[in-house]
Amino acid sequence: MKPMGPIPPEFAGQQGALAIGGRAAADWIEGDAPVFVYDPAIVAARVARFRASFAGIDLHYAIKANPFPPLLAAMAGMVDGFDVASAGELDKVAGLGLPVSFAGPGKRDGELAAAIAAGIALNVESEGEAERALTIAARLGRVPRLAVRVNPDVELRGSGMRMGGRPSPFGIDAVRVPVLVRRLVAADADWRGFHIYAGSQALDAQAIIDTHAATLDLAARLADEAGHAPPLVNLGGGFGVPYFAGDTALEVEKVGAALTDALSGRAAVLADSRFAIELGRWLVAEAGVYLARVIDRKESGGETFLILSGGLNHQLAASGNFGTVVRRNYPLAVAHAMGAEWHETVSVVGPLCTPLDRLGDRVALPAAAAGDVIAIFLAGAYGASASPAAFLGHPAAAERLAR
Ligand SMILES: *Cc1c(COP(=O)(O)O)cnc(C)c1O
(Lines give C-alpha, C1' and ligand atoms only; values in the text may rest on other atoms or scores of the structure.)
Protein backbone atom coordinates (compact mmCIF):
# COMPACT_ATOMS: atom_id res chain seq x y z
CA MET A 1 0.00 0.00 0.00
CA LYS A 2 1.16 3.51 -0.79
CA PRO A 3 -0.10 6.64 0.96
CA MET A 4 -2.32 9.28 -0.56
CA GLY A 5 -2.19 13.02 -0.09
CA PRO A 6 -4.57 14.77 2.30
CA ILE A 7 -8.20 15.29 1.26
CA PRO A 8 -8.89 19.07 1.36
CA PRO A 9 -10.51 20.25 4.62
CA GLU A 10 -13.93 20.99 3.10
CA PHE A 11 -14.27 17.33 2.06
CA ALA A 12 -12.12 15.48 4.57
CA GLY A 13 -14.74 15.34 7.33
CA GLN A 14 -17.58 14.09 5.15
CA GLN A 15 -19.28 10.79 5.88
CA GLY A 16 -21.17 8.65 3.39
CA ALA A 17 -21.96 10.23 0.03
CA LEU A 18 -19.48 12.90 -1.06
CA ALA A 19 -21.19 16.28 -1.46
CA ILE A 20 -19.77 19.06 -3.64
CA GLY A 21 -21.49 22.43 -3.34
CA GLY A 22 -24.27 20.76 -1.39
CA ARG A 23 -25.05 18.16 -4.06
CA ALA A 24 -24.08 14.51 -4.03
CA ALA A 25 -21.24 13.56 -6.36
CA ALA A 26 -23.54 11.03 -8.04
CA ASP A 27 -25.82 13.91 -9.08
CA TRP A 28 -22.97 15.76 -10.77
CA ILE A 29 -21.85 12.91 -13.00
CA GLU A 30 -23.99 11.98 -15.99
CA GLY A 31 -23.70 8.36 -17.06
CA ASP A 32 -20.07 7.39 -17.35
CA ALA A 33 -18.86 10.80 -18.61
CA PRO A 34 -16.18 12.20 -16.28
CA VAL A 35 -16.71 15.66 -14.87
CA PHE A 36 -14.76 18.34 -13.02
CA VAL A 37 -16.87 20.13 -10.39
CA TYR A 38 -15.62 23.41 -8.93
CA ASP A 39 -17.12 24.88 -5.78
CA PRO A 40 -16.78 28.70 -5.78
CA ALA A 41 -17.60 28.79 -2.06
CA ILE A 42 -14.25 27.10 -1.41
CA VAL A 43 -12.48 29.68 -3.60
CA ALA A 44 -14.29 32.42 -1.67
CA ALA A 45 -13.07 30.91 1.60
CA ARG A 46 -9.45 31.02 0.35
CA VAL A 47 -9.89 34.62 -0.77
CA ALA A 48 -11.31 35.56 2.64
CA ARG A 49 -8.36 33.90 4.32
CA PHE A 50 -5.97 35.89 2.15
CA ARG A 51 -7.78 39.18 2.80
CA ALA A 52 -7.62 38.63 6.55
CA SER A 53 -3.80 38.61 6.52
CA PHE A 54 -2.83 40.75 3.53
CA ALA A 55 -4.68 44.01 4.14
CA GLY A 56 -4.00 46.61 1.45
CA ILE A 57 -2.30 44.15 -0.90
CA ASP A 58 -3.98 43.43 -4.23
CA LEU A 59 -4.89 39.85 -5.00
CA HIS A 60 -4.55 38.76 -8.62
CA TYR A 61 -5.67 35.44 -10.02
CA ALA A 62 -3.32 33.78 -12.53
CA ILE A 63 -5.97 32.20 -14.74
CA LYS A 64 -3.73 29.54 -16.24
CA ALA A 65 -4.47 27.50 -13.11
CA ASN A 66 -8.11 27.22 -14.17
CA PRO A 67 -9.60 29.31 -16.98
CA PHE A 68 -13.13 27.79 -16.88
CA PRO A 69 -15.29 30.81 -17.86
CA PRO A 70 -18.04 30.40 -15.23
CA LEU A 71 -15.36 30.15 -12.54
CA LEU A 72 -13.68 33.31 -13.87
CA ALA A 73 -17.03 35.11 -13.77
CA ALA A 74 -17.52 34.03 -10.16
CA MET A 75 -14.00 35.10 -9.24
CA ALA A 76 -14.38 38.52 -10.85
CA GLY A 77 -16.29 39.51 -7.73
CA MET A 78 -13.59 38.18 -5.42
CA VAL A 79 -10.16 39.26 -6.67
CA ASP A 80 -8.59 42.59 -7.72
CA GLY A 81 -7.15 41.57 -11.06
CA PHE A 82 -6.49 38.78 -13.51
CA ASP A 83 -3.09 37.73 -14.82
CA VAL A 84 -3.09 36.15 -18.25
CA ALA A 85 -0.37 34.70 -20.43
CA SER A 86 -1.85 34.60 -23.94
CA ALA A 87 -4.33 36.45 -26.11
CA GLY A 88 -6.63 33.45 -25.69
CA GLU A 89 -6.60 33.95 -21.94
CA LEU A 90 -7.05 37.68 -22.41
CA ASP A 91 -10.25 37.03 -24.37
CA LYS A 92 -11.60 35.03 -21.44
CA VAL A 93 -11.32 37.89 -18.94
CA ALA A 94 -11.72 40.90 -21.24
CA GLY A 95 -15.39 41.41 -20.40
CA LEU A 96 -15.15 40.86 -16.65
CA GLY A 97 -14.33 44.42 -15.66
CA LEU A 98 -11.14 43.86 -13.67
CA PRO A 99 -7.60 45.09 -14.33
CA VAL A 100 -5.61 42.59 -16.37
CA SER A 101 -1.90 42.08 -16.77
CA PHE A 102 -0.35 39.98 -19.49
CA ALA A 103 2.90 38.08 -18.84
CA GLY A 104 4.59 35.24 -20.69
CA PRO A 105 7.56 34.89 -23.02
CA GLY A 106 7.11 34.95 -26.77
CA LYS A 107 4.15 37.30 -27.05
CA ARG A 108 3.39 37.62 -30.74
CA ASP A 109 2.87 41.00 -32.38
CA GLY A 110 -0.84 40.32 -32.65
CA GLU A 111 -1.01 39.61 -28.94
CA LEU A 112 0.91 42.78 -28.09
CA ALA A 113 -1.40 44.80 -30.32
CA ALA A 114 -4.53 43.28 -28.77
CA ALA A 115 -3.29 44.04 -25.27
CA ILE A 116 -2.20 47.60 -26.11
CA ALA A 117 -5.48 48.33 -27.87
CA ALA A 118 -7.38 47.03 -24.84
CA GLY A 119 -5.29 49.11 -22.42
CA ILE A 120 -3.99 45.98 -20.70
CA ALA A 121 -0.72 46.14 -18.76
CA LEU A 122 1.98 44.07 -20.47
CA ASN A 123 4.71 42.51 -18.37
CA VAL A 124 7.54 42.67 -20.87
CA GLU A 125 9.87 39.69 -20.82
CA SER A 126 12.78 40.95 -22.94
CA GLU A 127 14.22 44.15 -24.35
CA GLY A 128 13.20 42.96 -27.81
CA GLU A 129 9.62 42.50 -26.74
CA ALA A 130 9.63 45.95 -25.13
CA GLU A 131 10.80 47.51 -28.41
CA ARG A 132 8.13 45.67 -30.38
CA ALA A 133 5.49 46.88 -27.91
CA LEU A 134 6.69 50.50 -28.28
CA THR A 135 6.61 50.24 -32.07
CA ILE A 136 3.14 48.70 -32.13
CA ALA A 137 1.83 51.29 -29.66
CA ALA A 138 3.18 54.12 -31.83
CA ARG A 139 1.47 52.60 -34.85
CA LEU A 140 -1.81 52.35 -32.92
CA GLY A 141 -1.43 55.86 -31.49
CA ARG A 142 -1.66 54.49 -27.95
CA VAL A 143 0.39 54.92 -24.79
CA PRO A 144 1.36 51.35 -23.86
CA ARG A 145 1.11 50.25 -20.23
CA LEU A 146 4.33 48.34 -19.64
CA ALA A 147 5.66 46.63 -16.53
CA VAL A 148 9.03 44.94 -16.53
CA ARG A 149 9.18 41.32 -15.57
CA VAL A 150 12.42 40.79 -13.68
CA ASN A 151 14.36 37.54 -13.70
CA PRO A 152 15.25 37.91 -10.05
CA ASP A 153 18.60 36.99 -8.62
CA VAL A 154 16.63 35.40 -5.77
CA GLU A 155 14.79 32.14 -5.93
CA LEU A 156 11.96 30.63 -3.95
CA ARG A 157 13.46 27.99 -1.71
CA GLY A 158 11.53 24.71 -1.49
CA SER A 159 9.57 25.72 -4.53
CA GLY A 160 8.16 22.93 -6.69
CA MET A 161 9.06 24.86 -9.81
CA ARG A 162 11.81 27.44 -9.76
CA MET A 163 11.57 30.35 -12.13
CA GLY A 164 14.22 32.71 -10.83
CA GLY A 165 17.88 33.05 -10.02
CA ARG A 166 19.22 31.37 -13.13
CA PRO A 167 19.27 31.67 -16.91
CA SER A 168 15.62 31.90 -17.82
CA PRO A 169 13.21 32.52 -20.68
CA PHE A 170 11.11 34.48 -18.16
CA GLY A 171 11.81 38.10 -17.40
CA ILE A 172 14.86 40.25 -17.89
CA ASP A 173 18.00 39.66 -15.86
CA ALA A 174 17.94 42.03 -12.90
CA VAL A 175 21.20 43.79 -13.84
CA ARG A 176 19.72 44.96 -17.15
CA VAL A 177 16.40 46.16 -15.76
CA PRO A 178 17.29 49.77 -14.77
CA VAL A 179 18.41 50.60 -18.31
CA LEU A 180 15.18 49.24 -19.73
CA VAL A 181 13.04 51.16 -17.24
CA ARG A 182 14.76 54.39 -18.25
CA ARG A 183 14.21 53.52 -21.90
CA LEU A 184 10.46 52.94 -21.34
CA VAL A 185 10.01 56.14 -19.40
CA ALA A 186 11.99 58.10 -22.01
CA ALA A 187 9.77 56.62 -24.73
CA ASP A 188 6.71 58.01 -22.89
CA ALA A 189 5.31 54.58 -22.11
CA ASP A 190 3.10 54.31 -19.03
CA TRP A 191 5.61 52.38 -16.95
CA ARG A 192 3.62 50.27 -14.50
CA GLY A 193 6.43 48.89 -12.35
CA PHE A 194 7.89 45.47 -11.69
CA HIS A 195 6.69 41.89 -11.91
CA ILE A 196 8.97 39.63 -9.90
CA TYR A 197 7.96 35.97 -9.82
CA ALA A 198 10.36 33.63 -8.07
CA GLY A 199 8.63 30.24 -8.05
CA SER A 200 5.62 28.07 -7.45
CA GLN A 201 4.11 25.43 -5.12
CA ALA A 202 5.90 26.42 -1.92
CA LEU A 203 4.48 25.07 1.35
CA ASP A 204 7.16 26.54 3.61
CA ALA A 205 6.00 29.91 4.97
CA GLN A 206 9.53 30.95 5.89
CA ALA A 207 10.75 30.35 2.34
CA ILE A 208 8.06 32.68 0.99
CA ILE A 209 8.78 35.24 3.71
CA ASP A 210 12.47 35.23 2.79
CA THR A 211 11.59 35.54 -0.89
CA HIS A 212 9.29 38.49 -0.22
CA ALA A 213 12.03 40.26 1.72
CA ALA A 214 14.55 39.66 -1.05
CA THR A 215 12.00 40.72 -3.68
CA LEU A 216 11.29 44.00 -1.89
CA ASP A 217 15.02 44.68 -1.62
CA LEU A 218 15.47 43.93 -5.30
CA ALA A 219 12.54 46.15 -6.33
CA ALA A 220 13.93 49.02 -4.27
CA ARG A 221 17.44 48.56 -5.64
CA LEU A 222 16.24 48.45 -9.26
CA ALA A 223 13.99 51.46 -8.76
CA ASP A 224 16.83 53.44 -7.21
CA GLU A 225 19.17 52.52 -10.04
CA ALA A 226 16.54 53.37 -12.64
CA GLY A 227 15.72 56.64 -10.91
CA HIS A 228 11.98 55.97 -11.11
CA ALA A 229 9.57 54.76 -8.44
CA PRO A 230 7.40 51.80 -9.54
CA PRO A 231 3.63 52.41 -9.40
CA LEU A 232 3.08 48.68 -8.79
CA VAL A 233 5.26 45.85 -7.56
CA ASN A 234 3.83 42.43 -8.29
CA LEU A 235 5.58 40.26 -5.71
CA GLY A 236 4.72 36.98 -7.41
CA GLY A 237 2.97 34.21 -5.57
CA GLY A 238 4.01 30.62 -5.29
CA PHE A 239 1.61 29.67 -2.50
CA GLY A 240 1.39 25.89 -2.64
CA VAL A 241 -1.27 23.36 -1.72
CA PRO A 242 -0.69 19.96 -0.08
CA TYR A 243 -0.99 17.30 -2.77
CA PHE A 244 0.89 14.38 -1.26
CA ALA A 245 1.28 12.39 1.93
CA GLY A 246 3.46 14.35 4.34
CA ASP A 247 2.64 17.74 2.78
CA THR A 248 1.30 20.27 5.23
CA ALA A 249 -0.76 23.32 4.37
CA LEU A 250 1.00 26.65 3.97
CA GLU A 251 0.62 28.97 6.96
CA VAL A 252 -0.53 31.97 4.94
CA GLU A 253 -1.26 34.02 8.05
CA LYS A 254 2.44 33.93 8.89
CA VAL A 255 3.33 35.05 5.38
CA GLY A 256 0.81 37.89 5.54
CA ALA A 257 2.01 39.12 8.91
CA ALA A 258 5.64 39.09 7.78
CA LEU A 259 4.85 40.87 4.54
CA THR A 260 2.80 43.53 6.32
CA ASP A 261 5.75 44.03 8.61
CA ALA A 262 8.27 44.18 5.76
CA LEU A 263 6.12 46.69 3.87
CA SER A 264 5.85 48.98 6.86
CA GLY A 265 9.63 49.30 6.82
CA ARG A 266 10.06 49.47 3.06
CA ALA A 267 12.55 51.66 1.23
CA ALA A 268 11.62 55.24 0.48
CA VAL A 269 11.54 54.66 -3.28
CA LEU A 270 8.64 52.20 -2.74
CA ALA A 271 6.69 54.50 -0.41
CA ASP A 272 3.90 55.20 -2.92
CA SER A 273 3.90 51.83 -4.69
CA ARG A 274 0.99 49.41 -4.66
CA PHE A 275 1.75 45.75 -4.11
CA ALA A 276 0.11 42.68 -5.57
CA ILE A 277 0.33 38.95 -5.03
CA GLU A 278 -0.66 36.69 -7.92
CA LEU A 279 -2.00 33.29 -7.03
CA GLY A 280 -3.17 30.36 -9.09
CA ARG A 281 -3.45 26.96 -7.49
CA TRP A 282 -3.76 28.17 -3.90
CA LEU A 283 -7.08 29.80 -4.76
CA VAL A 284 -8.63 27.05 -6.86
CA ALA A 285 -6.92 23.65 -6.54
CA GLU A 286 -8.82 22.48 -3.48
CA ALA A 287 -12.14 23.74 -4.87
CA GLY A 288 -12.17 21.18 -7.68
CA VAL A 289 -13.02 17.49 -7.69
CA TYR A 290 -12.68 15.18 -10.68
CA LEU A 291 -15.30 12.44 -10.82
CA ALA A 292 -15.09 9.38 -13.03
CA ARG A 293 -16.93 6.09 -13.05
CA VAL A 294 -15.40 2.64 -12.58
CA ILE A 295 -15.83 0.88 -15.92
CA ASP A 296 -14.03 -2.34 -15.06
CA ARG A 297 -12.48 -4.08 -12.14
CA LYS A 298 -9.84 -6.69 -12.78
CA GLU A 299 -7.12 -8.69 -11.12
CA SER A 300 -3.62 -9.17 -12.45
CA GLY A 301 -0.60 -10.65 -10.78
CA GLY A 302 -2.23 -10.34 -7.38
CA GLU A 303 -3.07 -6.68 -7.90
CA THR A 304 -6.59 -5.27 -8.23
CA PHE A 305 -7.21 -2.57 -10.82
CA LEU A 306 -10.11 -0.15 -10.98
CA ILE A 307 -10.33 1.16 -14.51
CA LEU A 308 -12.05 4.54 -14.78
CA SER A 309 -13.86 6.30 -17.60
CA GLY A 310 -11.19 8.99 -17.67
CA GLY A 311 -7.56 9.34 -16.73
CA LEU A 312 -4.52 11.40 -17.57
CA ASN A 313 -6.31 12.70 -20.66
CA HIS A 314 -8.37 14.79 -18.20
CA GLN A 315 -6.28 14.98 -15.05
CA LEU A 316 -2.65 14.64 -16.10
CA ALA A 317 -1.29 16.00 -12.83
CA ALA A 318 -2.79 13.17 -10.77
CA SER A 319 -0.89 10.68 -12.93
CA GLY A 320 2.37 12.33 -11.88
CA ASN A 321 3.26 13.53 -15.35
CA PHE A 322 2.84 17.30 -14.85
CA GLY A 323 5.82 18.83 -13.12
CA THR A 324 6.63 16.09 -10.63
CA VAL A 325 9.79 14.05 -10.53
CA VAL A 326 8.58 11.11 -8.48
CA ARG A 327 5.06 9.78 -8.98
CA ARG A 328 3.01 10.04 -5.76
CA ASN A 329 -0.67 9.64 -5.05
CA TYR A 330 -3.13 12.49 -5.03
CA PRO A 331 -5.96 12.03 -2.52
CA LEU A 332 -8.84 10.01 -3.91
CA ALA A 333 -11.97 8.41 -2.54
CA VAL A 334 -14.89 6.17 -3.39
CA ALA A 335 -17.58 8.83 -3.74
CA HIS A 336 -20.39 6.99 -1.93
CA ALA A 337 -18.22 5.86 0.96
CA MET A 338 -16.55 8.94 2.41
CA GLY A 339 -15.09 8.27 5.82
CA ALA A 340 -15.50 4.49 5.45
CA GLU A 341 -12.79 2.14 6.62
CA TRP A 342 -10.60 1.00 3.75
CA HIS A 343 -11.05 -2.58 2.66
CA GLU A 344 -8.50 -3.26 0.02
CA THR A 345 -5.47 -2.05 -1.83
CA VAL A 346 -6.19 -1.18 -5.45
CA SER A 347 -4.56 0.62 -8.31
CA VAL A 348 -6.80 3.17 -9.98
CA VAL A 349 -6.08 3.68 -13.66
CA GLY A 350 -7.60 5.52 -16.59
CA PRO A 351 -8.74 4.00 -19.89
CA LEU A 352 -5.73 5.07 -21.95
CA CYS A 353 -3.51 2.50 -23.58
CA THR A 354 -0.36 3.64 -21.79
CA PRO A 355 1.12 2.59 -18.45
CA LEU A 356 1.46 6.28 -17.59
CA ASP A 357 -2.29 6.43 -17.04
CA ARG A 358 -2.26 5.60 -13.34
CA LEU A 359 -4.22 7.87 -11.00
CA GLY A 360 -3.76 5.93 -7.78
CA ASP A 361 -0.92 3.50 -7.23
CA ARG A 362 -1.78 0.74 -4.71
CA VAL A 363 -4.04 2.95 -2.64
CA ALA A 364 -6.21 1.77 0.26
CA LEU A 365 -9.90 2.33 -0.47
CA PRO A 366 -13.28 0.95 0.54
CA ALA A 367 -14.34 -1.79 -1.89
CA ALA A 368 -15.52 -0.37 -5.21
CA ALA A 369 -17.19 -2.11 -8.12
CA ALA A 370 -17.94 -1.28 -11.74
CA GLY A 371 -20.46 1.57 -11.78
CA ASP A 372 -19.16 3.27 -8.64
CA VAL A 373 -17.80 6.82 -8.81
CA ILE A 374 -14.24 7.64 -7.81
CA ALA A 375 -13.40 11.20 -6.70
CA ILE A 376 -9.94 12.65 -7.24
CA PHE A 377 -9.36 15.77 -5.17
CA LEU A 378 -7.18 18.81 -5.86
CA ALA A 379 -8.54 18.90 -9.38
CA GLY A 380 -9.34 22.62 -9.43
CA ALA A 381 -5.95 23.71 -10.77
CA TYR A 382 -3.97 22.43 -13.76
CA GLY A 383 -6.65 19.82 -14.51
CA ALA A 384 -8.90 20.08 -17.53
CA SER A 385 -6.94 22.82 -19.29
CA ALA A 386 -3.52 21.30 -18.54
CA SER A 387 -4.22 17.76 -19.72
CA PRO A 388 -3.89 16.19 -23.18
CA ALA A 389 -7.63 15.79 -23.87
CA ALA A 390 -7.10 14.67 -27.46
CA PHE A 391 -4.67 11.90 -26.56
CA LEU A 392 -6.26 8.56 -27.47
CA GLY A 393 -9.52 10.05 -28.64
CA HIS A 394 -11.73 9.68 -25.59
CA PRO A 395 -14.39 12.36 -24.98
CA ALA A 396 -13.33 15.48 -23.07
CA ALA A 397 -14.44 15.77 -19.46
CA ALA A 398 -17.33 18.07 -18.63
CA GLU A 399 -16.78 21.01 -16.28
CA ARG A 400 -19.39 22.36 -13.88
CA LEU A 401 -19.53 25.19 -11.40
CA ALA A 402 -21.24 24.08 -8.19
CA ARG A 403 -23.79 26.63 -7.01
C1 LIG B 1 2.02 29.87 -13.35
C2 LIG B 1 2.16 31.22 -12.83
C3 LIG B 1 1.41 31.61 -11.71
C4 LIG B 1 0.50 30.68 -10.97
O5 LIG B 1 1.21 29.69 -10.32
P6 LIG B 1 0.55 28.84 -9.15
O7 LIG B 1 1.61 27.89 -8.74
O8 LIG B 1 -0.65 28.17 -9.72
O9 LIG B 1 0.17 29.80 -8.08
C10 LIG B 1 1.54 32.91 -11.29
N11 LIG B 1 2.35 33.77 -11.93
C12 LIG B 1 3.09 33.42 -12.99
C13 LIG B 1 3.97 34.42 -13.63
C14 LIG B 1 3.03 32.14 -13.47
O15 LIG B 1 3.78 31.79 -14.51
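The exercises below, each with a worked solution, walk through one predicted model.

In this predicted model, local features need pLDDT of at least 70 and side-chain atom pairs count only at pLDDT 80 or more, while totals for chains, interfaces and linings use all residues. Residues are numbered from 1 along each chain as its sequence is written, and side-chain values use heavy atoms, with hydrogens and water left out.

**Exercise 1. Describe how domain 1 and domain 2 meet.**

Step 1: Begin with the bounds, which come from an automatic or database domain assignment. Domain 1 covers 9–38 + 285–401, and domain 2 covers 67–279. Their C-alpha centres lie 34 Å apart.

Step 2: Look next at the contacts, where contact means heavy atoms within 4.5 Å. On the side of domain 1 there are 13 residues in contact with 9 residues of domain 2.

Step 3: Turn to the area. The size of an interface is often given as the accessible area lost when the parts come together. Buried area is here the accessible area (1.4 Å probe) that two parts lose on being put together, summed over both. Between domain 1 and domain 2 it is about 1100 Å², with carbon and sulfur atoms giving 73%. Arg328, Leu378 and Leu401 supply 37% of the area that domain 1 buries against domain 2, which is more than any other three residues supply.

Step 4: Check for charged pairs, taking a salt bridge as a side-chain nitrogen of Lys or Arg within 4 Å of a carboxyl oxygen of Asp or Glu. Across the interface of domain 1 and domain 2 the rule finds 0 salt bridges.

Step 5: Ask which element gives the largest share of the side of domain 1 that touches domain 2. Strand β21 (residues 398–401) does, with 3 residues; helices (H or I, at least four residues) and strands (E, at least two) are DSSP runs, numbered from the N terminus.

**Exercise 2. Find the phi angle and the burial of Leu378 and Leu392.**

Step 1: Recall the general pattern. Most residues other than glycine have a negative phi, and most peptide bonds are trans.

Step 2: Compare the two leucines with that pattern. Leu378 has a positive phi of about 60° although it is not a glycine, and Leu392 has a positive phi of about 75°, again without being a glycine.

Step 3: Place them in the chain. Leu378 lies in the loop between β20 (373–376) and β21, and Leu392 is likewise found in the loop between β20 and β21.

Step 4: Judge burial, where buried means under 20% relative accessible area, exposed over 50%, and partly exposed in between (1.4 Å probe, protein chains only). Leu378 counts as buried because its relative accessibility is 0%, whereas Leu392, with a relative accessible area of 42%, is partly exposed.

**Exercise 3. Work out which parts of the chain are linked by the salt bridges of Arg183, Arg145 and Glu344.**

Step 1: The structure holds 21 salt bridges. One of them joins Arg183 to Glu131, with the closest N and O atoms 2.8 Å apart. This pair links distant parts of the chain, since Arg183 is in helix α8 and Glu131 in helix α7, 52 residues apart. Arg183 is partly exposed at 37% relative accessibility, and Glu131 is partly exposed with a relative accessible area of 31%.

Step 2: The side chains of Arg145 and Asp190 also meet in a salt bridge (3.6 Å, N to O). Arg145 lies in strand β8 (residues 145–151) and Asp190 in strand β11 (residues 190–196), so the pair ties together parts that are 45 residues apart in sequence.

Step 3: Glu344 forms a salt bridge with Arg297, the closest N and O atoms being 2.8 Å apart. Glu344 is in strand β18 (residues 344–349) and Arg297 in strand β15 (residues 288–300), 47 residues apart. Glu344 is buried, with a relative accessible area of 16%, while Arg297 counts as partly exposed at 30% relative accessibility.

**Exercise 4. Describe the surroundings of Ser273.**

Step 1: Locate the residue, which lies in the loop between α10 (252–264) and β14 (274–279).

Step 2: Determine its burial. With a relative accessible area of 8%, Ser273 is buried.

Step 3: List its partners. Leaving aside neighbours within four places in sequence, Ser273 is in contact with Pro230, Pro231, Val233 and Arg266. The backbone oxygen of Pro230 lies 2.6 Å from a polar atom of the side chain of Ser273.

Note on methods:
Polar contact = N/O pair within 3.5 Å; in protein donor to acceptor, adjacent residues only side chain to side chain.
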